Amino acid sequence: MKKFAALLLTVAALMGFSSCGEDNPGNGEAAAYSFSFDGVEMRPGDKAAPVLEALAGHSPQSSVKASCLSGLSGEDVTYVLPGFRIQTFRQQEGDADEQIRLIILSDDSVATPEGVAIGAEAQAVKDTYGAPSEETEFRLAYTRGSMRLVFGLREGKVTNISYEVLE
Amino acid sequence: MKRKQWIACLCILLCGGVLLWFAQLLLVPKYMSGNREGAMTAEYYGDGSTHDVLFLGDCEVYECYTPPTLWAEYGITSYIRGTPQQLVWHSYYLLEETLRYETPRAVVFNVYAMRYGEPQNEAYNRVLLDGMRFSDVKLRAVLASMTEEESLASYLFPLLRYHSRWSELEAADLQYLFHRDSVTHNGYLMQTAVVPKELDIEGEPLSDPTLPEICFAYLDRMRELCEEKGIQLILVKAPTNFWGYYWYDEWEEQMVSYAGEHGLPYYNFIPLADEIGLDWSTDTYDGGAHLNVSGAEKLTSYFGAILRETFGLEDHRADAELSALWQEKCNAYEAEKNGGTS
């Protein structure tokens, strides 16, 4: 009887863990990596408006990428903030669906929430994030769901960090 | 089948062919307003004259060098066969085709396209390839350029691609049924607006800084073709360096190395912007991605001196016939500049 009760408890516990996992974004996959600045959390794929509104106090400057071919729909926009940039895609100015495509950490005044900043050793990245999904001479990439966290490398050191949306 | 039936069949086929031809003329985009870039490739065939210098490349040639300025200041004749996002294989086939019409003294190739190892978008193929005259070069260009979604048939019979435009037809489709207006000045697409560059931002991180092998393979072919014809090939990088069209140090190293290895002159104008006299608050029409006419004239003036002093291109301004031809071109150029079309 005790064995049966123990078995029941184990099954119940496993089901409990399993249902917790379903709360994660990406239908059971690990949660996407996010970047956080001044209490504002953001990740590629998020709508840009609430994030930019929350960061308005930092007066982000923006630059629109003009297409070489007139008439192509949509435009890329970069918003420059202290230590990082947010790159978005929108149909036109004021587009409510403007989406974050890329977050680029541009200097070591900011770091990932896990504590890695530009200038870190490649090994420190692996120690923090584990085995990468992709490893080349030039980068370590960690894919989660529809996003990827990338550490650009030169001579074994992190030279850039970016959160990218996957197409 | 009786003779009358044969004739009837032939007449039906002929009428069908004429109708399809007419439908194609009507439905293909005319590119006379909006995206005028689509009219640039075909415009070359109407020029008729020969040129000392042929420019090849993407928007970094057709927005950065002005043939009328090169003529007015140096008496050098030139044509820009540029199109948006012109890839290296596009440039190679345009060069091969152009050499069937003329043999310039120098070919100037802008290296920004070396970054792309694959076709990016059908729209960029269309604006270049649809405008090319039918020839074996065009066929090879299409085969080298098509994305997976495109078909050779749609380039041979553009009606297959554009048949659905019937619902978007406008007056211009009738107006330009049999002719096109000129949209450029020997390939230079004028932009007169001023939108200052306010931010200096680097490009997005590169996943691999190595320029694609296929680009070097086509550049080799361009170099060999120029050598064969005794043409001086000159590599350039426009002075613009905008985050969305960024030129990385790693790419620069590879181009310097290629040029050195093959004894080719290579001019990267990015670090020379001050010497050229570019002012990013007045010389760009889109925040620094491209030069406007004021910036293009400054760069052309600077580059013209190089063409004259380093490559010995002669001054044709004493040639009465050429002078008359170019005077007309310069007048049209000044008229558009003063009219402020952008």
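In chain B of this predicted model, a network of salt bridges links B:Lys30, B:Arg165, B:Glu168 and B:Asp173. Over all chains, the structure holds 29 salt bridges. The predictor assigns the complex an ipTM of 0.81 and a pTM of 0.88. For chain B the average pLDDT is 94, and 99% of the residues score at least 70.

## Salt bridges in chain B

Three individual pairs are set out below.

| Pair | Closest N to O distance | Location |
|---|---|---|
| B:Lys329 and B:Asp47 | 2.6 Å | α15 (residues 320-339) of chain B and the loop between α2 (40-43) and β1 (53-57) of chain B |
| B:Arg140 and B:Glu96 | 2.7 Å | α7 (residues 136-145) and α5 (residues 88-98) of chain B |
| B:Asp136 and B:Arg140 | 3.1 Å | both in α7 of chain B |

The salt bridge between B:Lys329 and B:Asp47 has its closest N and O atoms 2.6 Å apart. This pair links distant parts of the chain, with the two positions 282 residues apart in numbering. Both B:Lys329 and B:Asp47 are buried.

B:Arg140 takes part in two of the tabulated contacts, one with B:Glu96 and one with B:Asp136. The pair formed with B:Glu96 again links distant parts of the chain, 44 residues apart, and joins helix α7 to helix α5 of chain B. B:Asp136, by contrast, lies in helix α7 of chain B together with B:Arg140, four residues away, or about one turn of the helix. An α-helix has 3.6 residues a turn, so residues three or four places apart point the same way.

What is the accessibility of each residue around B:Arg140? B:Arg140 counts as partly exposed because its relative accessibility is 30%. B:Asp136 is also partly exposed, at a relative accessible area of 37%. B:Glu96 has a relative accessible area of 14% and is therefore buried.

## A helix and a surface patch in chain B

Helix α14 of chain B covers residues 293-309 and has 17 residues. From its first C-alpha to its last the helix reaches 24 Å, close to the 24 Å expected at 1.5 Å a residue. The buried residues of α14(B) are B:Val293, B:Gly295, B:Ala296, B:Leu299, B:Thr300, B:Phe303, B:Gly304, B:Ala305, B:Ile306 and B:Leu307.

On the surface, a nonpolar patch is formed by B:Leu14, B:Val18, B:Trp21, B:Phe22 and B:Phe178. Together these residues have about 570 Å² of accessible area. B:Phe178 is located in the loop between α10 (171-175) and α11 (213-229) of chain B. With a relative accessibility of 61%, B:Phe178 lies over the 50% cut-off and so counts as exposed.

## The sheet of chain A

Chain A contains three helices and ten strands. Read from the N terminus, its elements follow the order α-β-β-α-β-β-β-β-α-β-β-β-β. Of the 167 residues in chain A, 36% are buried.

Eight strands of chain A form an open sheet with antiparallel pairing, in the order β3-β4-β5-β6-β10-β9-β8-β7. Strands β3 (61-65) and β7 (134-135) of chain A stand at the edges; each has a single partner strand, so one side of each lacks a neighbour in the sheet. Strands of a sheet pair through backbone hydrogen bonds, either parallel or antiparallel.

Beginning at the β3 edge, five bridges join β3(A) to the antiparallel strand β4 (residues 75-81) of chain A. Within this pairing, A:Lys65 stands opposite A:Asp76 of β4(A). A:Asp76 also stands opposite A:Phe89 in β5(A). Seven bridges connect β4(A) and β5(A), again in the antiparallel sense. These two strands form a hairpin with two residues between them, and A:Gly83 in the turn has a positive phi of about 85°.

On the other side of the hairpin pairing, β5(A) is joined by six bridges to β6 (residues 99-105) of chain A, and these strands run antiparallel. A:Ile86 has A:Ile103 in β6(A) as its bridge partner.

Why is strand β5 of chain A largely enclosed by the rest of the structure? Six of the seven residues in this strand (residues 84-90) are buried, which accounts for that enclosure.

Technical notes:
Residues numbered from 1 in each chain as written. Chains lettered and ligands numbered in written order. Predicted model: local features only at pLDDT ≥ 70, side-chain atom pairs only at ≥ 80, totals over all residues. Heavy atoms only, no water. Expected span 1.5 Å × (residues − 1). Buried < 20%, exposed > 50% of the residue type's maximum accessible area, 1.4 Å probe, protein only. Patch = residues over 30% accessible without salt bridge, like charges linked within 9 Å, V, L, I, M, F, W, Y side chains within 5 Å. Areas by Shrake-Rupley, 256 points an atom, 1.4 Å probe, with all protein chains shown as cover. Salt bridge = Lys/Arg side-chain N within 4 Å of Asp/Glu carboxyl O. Pairing = 2+ DSSP bridges. pLDDT = per-residue confidence, 0-100.
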